[in-house]
Amino acid sequence: MAEHKKSNKGLVCVLILVSILLVVVPFLALRGAEFGGSDDAGSQMVNEVTGTEYEPWFTPVLENLIGGEIPGEIESLIFCVQTGIGVGILAFCFGYLVARKKYSRGQEE
């Protein structure tokens, strides 16, 4: 039995275009807007609700070790590494589940 593979070039092109639009449209639609992080927005909301200045409960471990604030580039790098590790774990788990299902079918036949 020969397997027939369909070409999904059109679908791939549309998905790439949609991804690019998801990135570009907010910058074009909201010119001059400030895109801040959730930490800043959260502390501003606490200030509005309580009427007092927000004080963090603790300082990050790395800030204590280096004796100052972590540069933005390093903070972004650490966040990206954490994201990569999480994606790797999820991909492994999904791959394991798919392979388990695939190979368990082969043994039944």
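1. Start with the lining of the largest pocket. Helix α2 supplies the largest share of it, 4 residues. Keep in mind as you look around that this is a predicted model.

2. Who else is at that pocket? Along with α2 (38–50), the elements giving two or more residues to the lining are α3 (61–66) and α4 (72–108). In total, 16 residues line the largest pocket. If you want a place to point the viewer, try D39, P56, P60, E63 and E75, the lining residues that lie nearest the pocket's centre.

3. On volume and chemistry: the largest pocket holds about 550 Å³ of space. Its lining is a mix, with 8 nonpolar residues, 5 charged ones and 3 polar ones.

4. Next, have a look at the nonpolar patch on the surface. It is formed by V61, L62, L65, I66, I74, L77, I78, V81, I85 and I89. Together these residues have about 950 Å² of accessible area. Two helices, α3 and α4, each give two or more residues to the patch, and α4 gives the most, with 6 residues. So α3 and α4 turn up again here, having already appeared in the lining of the largest pocket.

5. One patch member is worth a click: L65, which sits in helix α3. Is L65 buried or exposed? L65 counts as exposed, because its relative accessibility is 67% and the cut-off for exposed is over 50%.

6. Zooming out to the whole protein chain, you'll find 4 helices and 0 strands. Reading along the sequence, the pattern is simply α-α-α-α.

7. How much of the protein chain counts as buried? Just 1% of its 109 residues do. The chain exposes about 10600 Å², and 65% of that is supplied by carbon and sulfur atoms.

Note on methods. Residues are numbered from 1 along each chain as its sequence is written. This is a predicted model: local features need pLDDT of at least 70, side-chain atom pairs count only at pLDDT 80 or more; totals for chains, interfaces and linings use all residues. Side-chain values use heavy atoms; hydrogens and water are left out. On a 1 Å grid over the protein atoms alone, a cavity is a set of points where a 1.4 Å probe fits but cannot get out, and a pocket is an open set with protein on both sides within 12 Å along at least five of seven lines; lining residues have an atom within 4 Å of a point. Grid points are joined across faces, edges and corners, and a volume is the space filled by probe spheres set on the points. Ala, Val, Leu, Ile, Met, Phe, Trp, Tyr, Cys and Pro count as nonpolar, Asp, Glu, Lys and Arg as charged, and the others, Gly among them, as polar. Patches are made of residues with over 30% relative accessible area and no salt bridge: like charges are joined within 9 Å, nonpolar side chains (Val, Leu, Ile, Met, Phe, Trp, Tyr) within 5 Å. Accessible areas come from the Shrake-Rupley method with a 1.4 Å probe; for residues, only the protein chains shown count as cover. A salt bridge is a side-chain nitrogen of Lys or Arg within 4 Å of a carboxyl oxygen of Asp or Glu. Buried means under 20% relative accessible area, exposed over 50%, partly exposed in between (1.4 Å probe, protein chains only).
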